[in-house]
Amino acid sequence: MPASSTPGSGSDSRPRQVMNVAVLAESELGSEAQRERRKRILDATLAIASKGGYEAVQMRAVAERADVAVGTLYRYFPSKVHLLVSALGREIERIDAKTDRAALSAGVTPYQRLNIMVGKLNRAMQRALPILCSYMVGGCQAVYEMSVSHSRARVQFGVPVGRFQRVQDHIVRLVNHLDAARWTTGEALWKLDTGRPAEASVHLAKAVASEGYLEACNAAHEVHAGMGSMNEYGLAAHTQMSRTLFHYLGDPRWHKRRMADALEW
């Protein structure tokens, strides 16, 4: 039976193309004013992400907090993804710059030097991982919206496929992973923002968000069937990203072990 499909209908949640603007590379920031403006933008991004996660980081909100025009913001960072990745990279660079290598090499054993570096890395990851988790929560949300839109638009046997219980089962599974990633990430951000011990929550958030983004994409492919494999549709891009971020800065198994260590299990 012929199937009607409208992949262009509904909200377009696939990764967007970078808008055609003259983007300033970091190496092109020749003046002190430009470097200071970039710093304000990244500070604003981290402040917003630490309170509201991925969904709260909107280009207009960042521009207002950094006191720059929206058009100026796009010249420095063409998308929200560029903003979050740049903020994450800067946090890691700051830890590296603060590392006193002379102190590490003087008067301590290799084991002690390793412990010092692991401690510094752990503190850096506690700040960086929730930003990465927020990005994955946003990916889960986008995949969910694509799946719901498709289940309403795709017609088989005279009715939208979303009427079929098995399709609904896949969407429910997707929502479960989305909510798990969102709530664990929100708890980690809340604890960091309020000064509470957050190590266990941060590792839990990364484990759950990594698994959640990957499994959300798997469920979305069940909903979309063959259409989900089309590169121009956008779901395949999320699937590839979910596989990449699954292992980035530690896979779920490693983070679960670190969570257990933090809880002294």
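Helices are DSSP runs of H or I of at least four residues, numbered from the N terminus. In the predicted model, A188 is found in one such run, helix α7, which covers residues 165-194.

The chain contains 10 helices and two strands. Read from the N terminus, the order of these elements is α-α-α-α-α-α-β-β-α-α-α-α. The chain has 265 residues, of which 41% count as buried. Its exposed surface amounts to about 14,500 Å², and 54% of this is supplied by carbon and sulfur atoms. When contacts between residues at least 6 apart in sequence are considered, 73% of them join residues at least 24 apart.

Two residues of helix α7 were examined. A188 has a relative accessible area of 0% and is buried. Beyond its neighbours within four places in sequence, A188 is in contact with A198, S201, V202 and A205. The C-alpha atoms of A188 and A205 are 6.8 Å apart, with a separation of 17 residues in sequence. L192 also has its place in helix α7. The relative accessibility of L192 is 33%, and this residue therefore counts as partly exposed, the class between 20% and 50%. With residues up to four places away in sequence left out, L192 touches Q126, P130, A198 and V202. L192 and V202 are 10 residues apart in sequence, and their C-alpha atoms are separated by 8.9 Å. A198 and V202 thus appear in the contact list of A188 and in that of L192.

Helix α8 spans residues 199-224 and packs against helix α9, residues 235-247, at an angle of about 155 degrees, with 9 Å between the axes. Because angles over 145 degrees count as roughly antiparallel, α8 is assigned that orientation relative to α9. The crossing of α8 past α9 is left-handed. On the α8 side the contact is made by K206, S210, E211, Y213, L214, C217, N218, A220, H221 and H224, and on the α9 side by L235, H238, T239, M241, S242, R243, L245 and F246. Sorted by class, the residues of this contact comprise eight nonpolar, seven polar and three charged.

Helix α8 also packs against helix α10. The axes of α8 and α10 come within 8 Å and cross at roughly 160 degrees, which makes α8 roughly antiparallel to α10. This crossing, too, is left-handed. Helix α8 contributes E199, A200, H203, L204, K206, A207, S210 and E211 to the contact, while P252, W254, H255, K256, R258, M259 and A262 come from α10. The contact of α8 with α10 includes seven nonpolar, three polar and five charged residues. K206, S210 and E211 of α8 are listed for the contact with α9 and again for the contact with α10.

Helix α10 covers residues 252-262, and its buried residues are P252, H255, R258, M259 and A260. Of these, P252, H255, R258 and M259 take part in the contact with α8. An α-helix has 3.6 residues a turn, so residues three or four places apart point the same way. After α10 comes E264, which has a positive phi near 60 degrees.

Two further positions lie in other helices. S151 belongs to helix α6, residues 110-153. Its relative accessible area is 6%, so S151 is buried, the limit for this class being under 20%. S151 touches P160, V161, G162, V167, I171 and V223, residues up to four places away in sequence not being counted. V167 and I171 fall within the range 165-194 of helix α7, and V223 falls within the range 199-224 of helix α8.

A61 lies in helix α2, which runs over residues 59-66. With a relative accessible area of 29%, A61 is partly exposed. Apart from residues up to four places away in sequence, A61 touches I48 and A56. Between A61 and T45 the C-alpha distance is 8.9 Å, at a separation of 16 residues in sequence.

Notes. Residues are numbered from 1 along each chain as its sequence is written. This is a predicted model: local features need pLDDT of at least 70, side-chain atom pairs count only at pLDDT 80 or more; totals for chains, interfaces and linings use all residues. Side-chain values use heavy atoms; hydrogens and water are left out. Buried means under 20% relative accessible area, exposed over 50%, partly exposed in between (1.4 Å probe, protein chains only). Contact means heavy atoms within 4.5 Å. Accessible areas come from the Shrake-Rupley method with a 1.4 Å probe; for residues, only the protein chains shown count as cover. Axes are lines fitted to C-alpha atoms, for helices over the stretch in contact, and angles run from 0 to 180 degrees between N-to-C directions. Angles under 35 degrees count as roughly parallel, over 145 as roughly antiparallel, 65 to 115 as roughly perpendicular and the rest as oblique. A crossing is left-handed if the near helix is turned anticlockwise from the far one by less than a right angle, and right-handed if clockwise. Ala, Val, Leu, Ile, Met, Phe, Trp, Tyr, Cys and Pro count as nonpolar, Asp, Glu, Lys and Arg as charged, and the others, Gly among them, as polar.
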